[in-house]
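Subject: Structure for you to look at

Hello,

Here is the structure I said I would pass on. Please open it next to this email and follow along as you read.

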Amino acid sequence: MPFADELIGRHTLQNLISAMQTAAPDAELTALRAAPALIEPLSLRERADLLRDALLADLPGDYAALARTVRVARDHAPQFTGWLIWPVTSALATRAVQEGGAAAFDDAMDLLARLTGRLSSEFAIRTLLRHDLDRALGIVVGDWTGSADADVRRLASEGTRPYLPWAVRVPDILARPAVTVPILDALYRDESEYVRRSVANHLNDLSRDHPDIVVAAARRWLENPGATTERLVRHGLRTLVKRGHPGALELLGFPPATLEVEGPRLDHVVVPFGGTVRFTASIRNTGDVQARLSIDYVVHHRKANGGQTGKTFKLTTRTLAPDERIDIAREHSFRPITTRRYHPGPHAVSLQINGVATARADFELAAPDTP
């Protein structure tokens, strides 16, 4: 993932100043010019907020005046694109909310839609959603989901995600989880993969707190599918599958099965720090019909406080005839990585088959060697 200064850094700030000079040649842009001394220690969202606030300070007046300046920059400043769009659209949304009234709100929604193709207005729309969710969703569902512009249709789904990365939360979306489902219903068969991937990620966001709503939506879509619907649903249900949610698994063709499971069995019960744990298992279909299986494994990592937390990893999918058996083997590495910190001590591994967990096999992760 790029660093914050690669996305909103000094080069972004210089382009923003240049664009604003083109659009508002009489503005001194004092706050924007002071921003380089302040931006370095900030996170990405903090950088966007800093530049938003600088724009609002440097371009005083009402919403209409700010919107006119932004439209001039859009039409006459070639550098008016990329990550500088985030603070600009955030300034528009903030000024519209501060001013109040339907005219400013609706114009801000329209201008955000027109600018979204230059980066994305997904972060800025959160300000408008937080201010008046129902009015914003009326525009999103009524206009944006039917737009000829794929960037606008994608904005409809992405900007309203419950857990959009880097973005502020919208409390009313979290409190009214079904409120965004009409957006997804309108877009799940979209011709653009860019849009459909956003729909799947939105569905996955919803699944964190409201699996039944998600499974019900996915079931409706599979009853009236497009050519890409099954793949979209699989991607949207990925978290529920890892959690072993029975409704999600059955919808994807993995109903409960009658099985005999031997294992997992470990080659060693002590694993060196940075080493590998190897496990094997045997699975036999003891039922009288074929069984389609989604087989995952779960590593139960030791936490800093001495407890354990499980992380699920995909292993395989198989279909077993009655009395058919498969043998599986897998190695799992404890090589140090930047995204996980390993704590020496008790660990375990288990299987998860169609959402049903097997017994755990315990092992010890040894402490790293000390010089």
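I295 has T316 in strand β5 as its bridge partner. The model is a predicted one, so please read everything below as computed from that prediction. The two strands involved here are β4 (residues 291–302) and β5 (residues 308–320), which pair in the antiparallel sense over 12 bridges. A second bridge between them joins A291 to L320 of β5. Between the two strands of this hairpin there are five residues, and in the hairpin G306 takes a positive phi near 95°.

Strand β4 also pairs with β7: the two run antiparallel and are joined by six bridges. One of the residues concerned is Y297, whose bridge partner in β7 is L351. How much of β4 is buried? The count is 10 of its 12 residues, so β4 is largely enclosed by the rest of the structure. As background, side chains in a regular strand alternate between the two faces of the sheet.

Next, the aromatic rings. There are nine aromatic pairs in the model. One of them is W83 with W86: the ring centres are 6.3 Å apart and the planes are at 45°, so this pair is tilted. W83 is partly exposed, with a relative accessible area of 22%, whereas W86 is buried at 3%. The cut-off for buried is under 20%, so W83 at 22% falls outside it. W83 and W86 also belong to one aromatic cluster together with F123 and W166.

Another pair is F334 with F363. Is it stacked or edge-to-face? The ring centres are 5.9 Å apart and the planes are at 65°, so the pair is edge-to-face. It links distant parts of the chain, with the two positions 29 residues apart in numbering: F334 is in the loop between β6 (325–333) and β7 (345–353), and F363 is in strand β9 (residues 361–365). F334 is buried, with a relative accessible area of 1%, and F363 is buried too, at 4%.

Two rings have a charged side chain over them. R208 lies over the face of Y163, 3.7 Å from the ring centre. K311 has its charged end over the ring of F313, at 5.5 Å from the centre of that ring.

Now to R95, which is in helix α7 (residues 85–99). Is R95 buried or exposed? Its relative accessibility is 7%, so R95 counts as buried. Setting aside neighbours within four places in sequence, R95 is in contact with L56, L59, P60, G61, D62, Y63 and L66. With G61 there is a specific approach: the side chain of R95 reaches the backbone oxygen of G61 at 3.1 Å. R95 and K311 are 216 residues apart in sequence, and their C-alpha atoms are 43 Å apart in space.

One of the contacts of R95 is L56, which is among the buried residues of helix α5. That helix covers residues 44–58, and its 15 residues should span 21 Å at 1.5 Å a residue; the end C-alpha atoms are 21 Å apart, which agrees. Besides L56, the buried residues of α5 are L44, R47, A48, L51, R52, A54, L55 and D58. What covers these buried residues? The elements include α1 (4–7), α2 (10–23), α3 (30–34), α4 (36–39), α6 (63–76) and α7.

The last residue to look at is I183, in helix α13 (residues 181–187). I183 has a relative accessibility of 0% and so counts as buried. Not counting residues up to four places away in sequence, I183 touches L137, V140, V141, T145, A156, S157 and T160. I183 and E122 are 61 residues apart along the chain, and 15 Å separates their C-alpha atoms.

A good order for viewing is to begin with the strands, go on to the rings, and finish with the helices.

Regards

Note on methods:
Residues are numbered from 1 along each chain as its sequence is written. This is a predicted model: local features need pLDDT of at least 70, side-chain atom pairs count only at pLDDT 80 or more; totals for chains, interfaces and linings use all residues. Side-chain values use heavy atoms; hydrogens and water are left out. Helices (H or I, at least four residues) and strands (E, at least two) are DSSP runs, numbered from the N terminus. Buried means under 20% relative accessible area, exposed over 50%, partly exposed in between (1.4 Å probe, protein chains only). Contact means heavy atoms within 4.5 Å. A polar contact is a pair of N or O atoms within 3.5 Å; within protein, one must be able to donate a hydrogen and the other to accept it, and residues adjacent in sequence count only if both atoms are side-chain atoms. Rings of Phe, Tyr and Trp (its six-membered ring) pair if their centres lie within 6.5 Å; planes under 30 degrees apart count as stacked, over 60 as edge-to-face and the rest as tilted. A charge sits over a ring if NZ of Lys or CZ of Arg is within 6 Å of the ring centre and within 35 degrees of the ring normal. Two strands pair if DSSP finds at least two bridges between them. The expected span of a helix is 1.5 Å times one less than its number of residues.
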